[in-house]
Amino acid sequence: MVIVMKQRILTSIVGLLLLAVVMFFYQTLVFNGVIAVIILMAIWEVLHAAKITWCKPLVIFSMVFAVAVPFYYAGDFQRFLLPAVVLYLMLLFLTLYINHRDLQVEQIGLAFLTTVGIAFSLSTLVYTRDLYGPQRAVFYLLLSLAGGWMSDTGAYFVGCAIGKHKLSPEVSPKKTVEGAVGGVVVCTASFALFGWLYTLVMAHYGYVVQVNYVELLLAAPVLSVIGMLGDLSASVLKRQHNIKDYGRIMPGHGGIMDRFDSVLFVAPVLYTLVSFWPLVTLVA
């Protein structure tokens, strides 16, 4: 347990340093590219877990479609969205037709769900920047990540310390009710802290922003629970395919999907939420 905890902490530190580097390119297409790489890795992990990466056409079609999604607002790609989805679906069924002896329709469905779901969910991190500008979007990016990661961190440490009642023993035996409550509390506290730090940093750069704390603190527990739902949903896939983690690229955490499963649910919900209920206002 101690070794795993050390691995998780060290990996988290390295991850935060990489995030800091990526943020230097936040307003460029480099950020789109980074999100595209994360999407491709997550899709590969799910397809590999489902044991369908042997079908090269299916993988190629899925990857080509997915890599374009983060660039949706770049150039003139928007008008090609619907035709691209239809073409991708047709190619999947063509692949099923050619490989019908070995490939099952359920596998085609999983590939489509995984590719479209992961690609558009994580791409909302890019779409938020394109719609709201960097001053507000950086804050929303931090909330999207915190809604998943801080909930997971709080749930892990609180669960290890005082967790007794299993939250979902068949799907994720180590998760506890106490840990879930701790995750919500830590997430809410982190949102408040990020709001305060964000106003200070923006003031340093000459921007006056107003964080709507009431809305922010109401949104925090909702997003925390949604993040946990994303985590549990990814755990269901792991259990059904008899794997512990989606990968080993992140020691103590697993694969990209293990780290971004909660963000997959939080990011699109937050993207939708702020379009009706802004959590920060740029005053000057």
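User: Before we start, what does "buried" mean here, and what relative accessibility does Tyr88 have?

Analyst: Buried means under 20% relative accessible area. Keep in mind that this is a predicted model. Tyr88 falls under that cut-off, so it counts as buried, and its relative accessibility is 2%.

User: And Phe112, is that one buried, partly exposed or exposed?

Analyst: Anything between 20% and 50% goes in the middle class. Phe112 comes out at 24% relative accessibility, so the label is partly exposed.

User: How are the rings of Tyr88 and Phe112 arranged: stacked, tilted or edge-to-face?

Analyst: A pair of aromatic rings is described by the distance of the centres and the angle of the planes. The centres of Tyr88 and Phe112 are 5.8 Å apart, and the planes sit at 20 degrees. Planes under 30 degrees apart get one particular name, so this pair is stacked.

User: How many residues apart in sequence are the parts that this pair ties together?

Analyst: Tyr88 belongs to helix 4 (residues 81-98), while Phe112 belongs to helix 5 (residues 105-162). The pair therefore ties together parts whose separation in sequence is 24 residues.

User: Which residues are linked into a cluster by ring pairs?

Analyst: The model has 11 aromatic pairs. Tyr88 and Phe112 are both in the cluster, and ring pairs link them up with two other residues. The full set is Phe65, Tyr88, Phe112 and Phe120.

User: On to the largest nonpolar core: which helix supplies the largest share?

Analyst: This core has 46 residues, and Ile39, Leu58, Ile118, Leu122 and Met257 touch the most other members. Helix 2 (29-49), helix 3 (56-68), helix 4, helix 5 and helix 8 (256-276) each put in at least two residues. The largest share is 13 residues, and it comes from helix 5.

User: What does Met257 contact, leaving aside its neighbours within four places in sequence?

Analyst: Met257 is one of the core residues that touch the most other members. With those sequence neighbours set aside, its contacts are Ala42, Glu45, Val46, Ile118, Ala234, Tyr246 and Leu264.

User: Now the surface: which helix gives the most to the nonpolar patch?

Analyst: The patch covers about 530 Å² and is made by Leu193, Trp196, Leu197, Leu200, Tyr213 and Leu217. Two elements give two or more residues to it, helix 6 (177-204) and helix 7 (213-240). With 4 residues, the top contributor is helix 6.

User: Is Leu200 buried, partly exposed or exposed?

Analyst: Leu200 sits in helix 6 and is one of the patch residues. Exposed would need over 50%. Leu200 has a relative accessible area of 44%, so it is partly exposed.

Conventions
Residues are numbered from 1 along each chain as its sequence is written. This is a predicted model: local features need pLDDT of at least 70, side-chain atom pairs count only at pLDDT 80 or more; totals for chains, interfaces and linings use all residues. Side-chain values use heavy atoms; hydrogens and water are left out. Patches are made of residues with over 30% relative accessible area and no salt bridge: like charges are joined within 9 Å, nonpolar side chains (Val, Leu, Ile, Met, Phe, Trp, Tyr) within 5 Å. Accessible areas come from the Shrake-Rupley method with a 1.4 Å probe; for residues, only the protein chains shown count as cover. A salt bridge is a side-chain nitrogen of Lys or Arg within 4 Å of a carboxyl oxygen of Asp or Glu. Buried means under 20% relative accessible area, exposed over 50%, partly exposed in between (1.4 Å probe, protein chains only). Rings of Phe, Tyr and Trp (its six-membered ring) pair if their centres lie within 6.5 Å; planes under 30 degrees apart count as stacked, over 60 as edge-to-face and the rest as tilted. A nonpolar core is a set of buried Ala, Val, Leu, Ile, Met, Phe, Trp, Tyr and Cys residues joined through side-chain atoms within 4.5 Å. Contact means heavy atoms within 4.5 Å.
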